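Got your viewer ready? Here is a short tour of some charged side chains and the partners they meet, one selection at a time.

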Amino acid sequence: YAQWQTRTFTVSFSSNGGSAVEPITQPYGALITKPTNPTRIGYTFVAWYKEGGLTNEWNFSVDTVPAENITLYAKWKINQYTITFQSNGGTTVSAITKNYNEAVTKPADPTMIGHSFDDWYTDNTTFNNKYTFGTMPAQNITLYAKWNINQYTITFQSNGGTTVSAITKNYNEAVTKPADPTMIGHSFD
């Protein structure tokens, strides 16, 4: 009488840019336990496929180990993320939603009366981390506008009267009326 022993074969996993997944060795015809999903920055894992072209999905509750070593291939879906803009009193800037790693162009600067726009920052208190636009990061982020207050100068034309010094102040800062100019033979209106 012939005696047979079931051979074992290895199922390897090609994570296609994701984290490594250890191979599984099981006897021919056995079901295999689905491994923990791999991870990949900016992507969501979809499923394991029987070929590199990602046509036929491996069904862990039905598909069994064939009589050869095989490799299963990870399929990924690229994630979308959003950059939200907090203008801190300036005009509204629309959010930008794009796929991970897609090029992101800096939006037009917001405006605010009496202020000059400095730039966009990732922190809203100290404004130490200026944001550099390039590609979409692998997370949703909020950027905050930093503003510099403008200074303005009031000059006085006394039309022949005594000189009145110009006043330079920050926008919206209190301005005190200067002393009236004088002119011989005239009263100041």
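This is a predicted model, and the count of salt bridges in it comes to seven. Side chains of opposite charge can pair when their charged atoms come close. Let's click through some of these pairs.

**Stop 1: K106 and D109.** Select K106 and D109 together. They form a salt bridge, with the closest N and O atoms 3.9 Å apart. Now turn on the surface. D109 counts as partly exposed because its relative accessibility is 43%, which falls between the 20% and 50% cut-offs. K106 is partly exposed too, at a relative accessible area of 35%.

**Stop 2: K106 and D119.** Keep K106 selected and add D119. Here the side chains meet in another salt bridge, at 3.2 Å from N to O. Now color by secondary structure. D119 lies in strand β7, residues 115-121, while K106 is in the loop between β6 (96-99) and β7. The two residues are 13 apart in sequence, so their pairing ties those parts together. Is D119 buried or exposed? It is buried: its relative accessible area is 11%, and that is under the 20% cut-off.

**Stop 3: E173 and K169.** Clear your selection and pick E173 and K169. Their side chains meet in a salt bridge as well, at 3.9 Å between N and O. E173 is partly exposed, with a relative accessible area of 38%, and K169 is partly exposed with 28%.

**Stop 4: the network.** Which residues do shared salt-bridge partners join into one network? Select K106, D109, D119 and K130 to see them: salt bridges with partners in common link these four. You have already met K106 as a partner of D109 and of D119.

**Stop 5: D63.** Next, jump to D63, in the loop between β3 (43-49) and β4 (70-78). D63 is buried, with a relative accessible area of 14%. Show its side chain along with that of K50, and you'll find a polar contact of 3.5 Å joining the two. Then show the backbone of N59: its nitrogen lies 2.6 Å from a polar atom of the D63 side chain.

**Last stop: who else touches D63?** Leave aside the neighbours within four places in sequence, and what is D63 in contact with? Select A30, L31, K50, E57 and W58 to bring up those partners. K50 is the one whose side chain you just saw in the polar contact with D63.

Conventions. Residues numbered from 1 in each chain as written. Predicted model: local features only at pLDDT ≥ 70, side-chain atom pairs only at ≥ 80, totals over all residues. Heavy atoms only, no water. Buried < 20%, exposed > 50% of the residue type's maximum accessible area, 1.4 Å probe, protein only. Helix = DSSP H or I, 4+ residues; strand = E, 2+ residues; numbered from the N terminus. Polar contact = N/O pair within 3.5 Å; in protein donor to acceptor, adjacent residues only side chain to side chain. Contact = heavy atoms within 4.5 Å.
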